[in-house]
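Please load the model, switch to a cartoon view and keep a selection tool at hand for the stops below.

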Amino acid sequence: MGNTTQSALEAALEGSAADLVVADLEDTVAGARKHEVRELLRQTFEERRSDPGRRPLFVRPNPLDTAIGLADLAVLAEAGVDGLVVPKATPEVLGTAFAAGVIRLVALIETAEGVERATESAACPGVELIELGAMDLALDIHTEAKVGGQDLIYTRSRLVMASRAAGLPGPIDAIFPNVDDGDGYLRAAAIGRELGFGGMPCLTEDQVALANDFFTPTDEEVARARLVVDSYDAAVAKGEGVVEVDGTMVERPTAERARNLLQEAGVAG
């Protein structure tokens, strides 16, 4: 983490509109500099420890089944890291992170084993979210992570089911690497949302703005959800289990989806 990267991290912590800031120790740091970056992150956490209003900062370490990953974990846990995005996540490596004292975890699923054991991983102590690591997974299963492709449809559906079965929010989709293609980012986000994903990572503030706009319910969606909920609740109060709203029959599942949307929008449902 040279001065440029340090400045970017400080800027993200102070001014980014992202829901969560994640510092990467894995793919974006060359091997010769991993110790240097790890130490700078340690200093960052120790300096921020006394600030009760600090913004959470998560770190993606190197894989925790490697010596360098375990070295990352030891330093970060001692320094008081807010949470980890655990690469190559399986129940075992997630357990290693939690046992070290890191109690907020994002399970990054990027191997065939990780996909098949996603239900176990989602239920591990400390796991708050599942995230798809499409590029490494595509490498592992000898395919390509194409936006809109069919190669990872099973994986995406599997991660949604694992997340929901464990009571977690919808998982986080894979990164969209072309930072200059906003339309492509939104197309990828639409595919993920249709399958049940709850968000996408962002590499730039432009992507943050796109994600926040896309995944935040619009005023029209909120108004429609409010109408559905109010109409259904009024029908239930009269002893009826179904109600017509603008020509559409609304039953409990439809009303509950509308109620969930109001909760996501921060509106009492």
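A crossing is left-handed if the near helix is turned anticlockwise from the far one by less than a right angle, and right-handed if clockwise. The model is predicted, so to speak of local features requires pLDDT of at least 70, while side-chain atom pairs count only at pLDDT 80 or more and totals for chains, interfaces and linings use all residues. Residues are numbered from 1 along each chain as its sequence is written, and side-chain values use heavy atoms, with hydrogens and water left out.

Select helix H11 (residues 219-237) and helix H12 (residues 252-264) (helices, H or I of at least four residues, and strands, E of at least two, are DSSP runs numbered from the N terminus), whose axes come within 8 Å and cross at roughly 135 degrees. Axes here are lines fitted to C-alpha atoms, for helices over the stretch in contact, with angles from 0 to 180 degrees between N-to-C directions. That makes H11 oblique to H12 (under 35 degrees is roughly parallel, over 145 roughly antiparallel, 65 to 115 roughly perpendicular, the rest oblique), and H11 passes H12 in a left-handed crossing.

Next, select the open sheet of 5 strands, ordered E1-E2-E3-E4-E5 with parallel pairing (two strands pair if DSSP finds at least two bridges between them). Strand E1 (21-24) and strand E5 (127-132) stand at the edges with a single partner strand each, so one side of each lacks a neighbour in the sheet. Inside the sheet, strand E3 (residues 83-86) and strand E4 (residues 105-109) pair in the parallel sense over 3 bridges, and Val-86 has Ala-107 in E4 as its bridge partner.
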